[in-house]
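Hi everyone, thanks for coming along. Have a look at the sequence and the structure on the screen, and then I'll walk you through them.

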Amino acid sequence: MAAAGLPLPPGKMAAALLAWFDRHGRHDLPWQHPATPYRVWISEVMLQQTQVATVIPYYEAFIARFPSVEALAAAPLDEVLRHWAGLGYYARARNLHQAARQVVERHGGRFPDTLEALEALPGIGRSTAGAILAQAHGIRAPILDGNAKRVLARLAAVEGWSGTAAVQRRLWELAEACTPAARVRDYTQAIMDLGATVCTRSRPACADCPLGDGCRARAEGRQGELPASRPRRELPVRRTRLLLITDPEAGVLLERRPPTGIWGGLWSLPECGWDTDPTELVRARYHGEVRSWRPWPARVHTFTHFRLEFTPWQGAINRPSHWVLEPDRTLWYNVGLSEPPGLAAPVRALLEGMRN
DNA sequence: AAGCCGGGGTG
DNA sequence: CACCCAGGCTT
C-alpha cells in the first residue's frame with residue numbers, strides 16, 4: 001500500500017492528474033489570467049459553496065468595480081454588498097471587505113504568503129488559504145474543497161461523512177500527501193477540475209478518469225456510495241397510543257383512517273393521543289366499556305418526514321355485542337380467522353406478532 | 001460537534 | 001422534494 005492508504009504512490013497520482021489537466025483541465029477561467037493574489041482571493045471566496053457558472057458573471061462585475069485590494073478597502077460596505085446581492089452567504093461579502101482593510105492596513109496592501117497570516121483574515125479558512133498560496137504564490141499547500149474531498153475519498157475509499165472531525169482529518173492527510181511541490185498551481189486546479197467534470201457526485205465518468213487504475217472506490221465498484229453523504233437530519237418524533245381493544249371471541253377492534261393524512265383510508269387501530277383519556281374515548285365513540293388497560297412496549301415507524309412512536313394500549317372488554325360501531329368505519333377483526341383488511345404496515349406487524 | 005448562512009442546479 | 005455545491009464562523 002502506498003502512503004496514507006492511497007492505492008498508488010502520491011507522485012504517480014499527481015503526475016497522472018497533471019497530464020490529464022494539460023489536455024482536459026480548465027485553463028480559461030476569468031481568475032486564472034492573471035492569477036494575482038487579489039483576484040484568486042476574490043474568486044475563492046465567491047466560489048465557497050457556489051458553483052463556477054454562477055460565480056463568473058459576479059466575478060467579472062466585482063473585479064471591474066473593485067480592481068484592487070485598495071479599491072475594495074476604500075469602498076463603502078453597501079457598495080460591496082450591492083455587488084454581492086444574489087450570490088448568497090452575505091457574511092462572505094462583509095468578511096471580504098473587512099479583510100481588504102486589514103490587508104491594506106496591516107500588510108501594506110501586499111497579500112500575506114503564509115498559511116497562518118492568511119487564515120487570520122476573516123473569511124479565509126484552511127482550504128481557501130491553501131488555494132491562495134498554491135494558485136497565486138506557487139507555494140505548496142493542500143486544498144480541501146468539495147471537489148478534492150470527493151476525489152480523495154473515492155481514491156482511498158475513505159469511509160464516513162466528511163463532516164466529522166475524524167474523516168476531515170483523514171482527508172487533509174490525503175490532500176497533504178498528494179499535493180506535489182512542482183506545478184502546485186496546476187495540480188490544485190487539476191484536482192478541482194477532475195472533481196467538477198469527471199469525478200462528479202453522481203454518475204462519475206470513471207472511463208475518462210486518469211486515476212482509474214488507482215482508485216479504490218472504482219476497483220470496489222463503490223463510486224455510488226463514496227463519499228458517504230451527510231446523515232439525514234433526525235426526523236421529528238410524534239408519539240401517540242394505538243388502542244388494542246381485544247375480545248376473546250370478537251377479535252381486535254379496527255378503525256379506518258380518515259381519507260387524508262397518514263395511512264389515509266387504511267385500516268388501523270383507534271388512535272388515542274396522550275392527552276386523551278382512552279376510557280372516555282371508547283365511551284364517546286363506541287358506547288363501550290373497557291375493564292382494564294395494559295400498555296405494551298412502544299414501537300417505532302418511520303415515514304419520510306417524521307418518526308411515529310406508538311404505544312399499543314391494550315384494553316380488555318366484556319360484552320362486545322353492546323358496542324355501537326359505524327359499519328364502514330369500524331370492524332372486529334379476528335386475527336388468523338378472517339382475511340385481513342388493508343392494514344397499515346406497523347399495525348399488521350403488531351397483529352402478526354400477536355399470533356405467536 | 002452542530003447550527004447557520006442562501007441562491008441555484010440536479011436527479 | 002431532497003440533496004449538494006470551489007466553506008467558514010459561531011455557539
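Let's start with DNA strand B. Its surroundings are Gln49, Thr50, Gln51, Gly86, Leu87, Gly88, Tyr89, Tyr90, Ala165 and Ser202, where a residue is near a molecule or strand if one of its heavy atoms lies within 4 Å of it. Of the atoms of DNA strand B that come within 4 Å of the protein, 41% belong to sugar and phosphate. By class, this surface has four nonpolar, six polar and no charged residues. In that count, Ala, Val, Leu, Ile, Met, Phe, Trp, Tyr, Cys and Pro are nonpolar, Asp, Glu, Lys and Arg are charged, and the others, Gly among them, are polar.

A quick word on ground rules. This is a predicted model, in which local features need pLDDT of at least 70 and side-chain atom pairs count only at pLDDT 80 or more, while totals for chains, interfaces and linings use all residues. Residues are numbered from 1 along each chain as its sequence is written, chains are lettered from A and ligands numbered from 1 in the order in which they are written, and side-chain values use heavy atoms, with hydrogens and water left out.

Now, which atoms of Thr50, Tyr90 and Ala165 come up at DNA strand B? For Thr50, a polar side-chain atom lies 3.3 Å from a base nitrogen of the strand. Tyr90 places a backbone N or O atom 2.6 Å from a phosphate oxygen of DNA strand B, and for Ala165 a backbone N or O atom is 3.5 Å from a phosphate oxygen of that strand.

On to DNA strand C. Here 27 residues surround the strand, and the closest are Leu47, Thr128, Met192, Ser229 and Arg232. Sugar and phosphate make up 66% of the atoms of DNA strand C that come within 4 Å of the protein. The residues of this surface divide into nine nonpolar, twelve polar and six charged. Helices α8 (126-137), α9 and α11 (184-197) each supply at least two of them; helices (H or I, at least four residues) and strands (E, at least two) are DSSP runs, numbered from the N terminus.

Three atom pairs are worth pointing out. A side-chain N or O atom of Trp31 is 3.4 Å from a base nitrogen of DNA strand C. Asp145 has a side-chain N or O atom 2.6 Å from a sugar or linking oxygen of DNA strand C. Gly146 has a polar backbone atom 2.8 Å from a phosphate oxygen of DNA strand C.

Next, a pair of helices. At what angle do α9 and α10 pack? Helix α9 (residues 146-155) and helix α10 (residues 165-178) pack at about 90°, and their axes are 10 Å apart. That makes α9 roughly perpendicular to α10, a label for angles of 65 to 115 degrees. Axes here are lines fitted to C-alpha atoms, for helices over the stretch in contact, with angles running from 0 to 180 degrees between N-to-C directions. From α9, Lys149, Leu152 and Ala153 meet Gln168, Leu171, Leu174, Ala175 and Cys178 of α10, with contact meaning heavy atoms within 4.5 Å.

Finally, some backbone details. The peptide bond from His33 to Pro34 is cis, with omega near -10°, and Pro34 sits in the loop between α1 (10-24) and α2 (37-46). The bond from Leu226 to Pro227 is cis as well, with omega near -5°. Arg203, in the loop between α11 and α12, has a positive phi near 50° in a residue other than glycine.

Conventions: A polar contact is a pair of N or O atoms within 3.5 Å; within protein, one must be able to donate a hydrogen and the other to accept it, and residues adjacent in sequence count only if both atoms are side-chain atoms. Angles under 35 degrees count as roughly parallel, over 145 as roughly antiparallel, 65 to 115 as roughly perpendicular and the rest as oblique.
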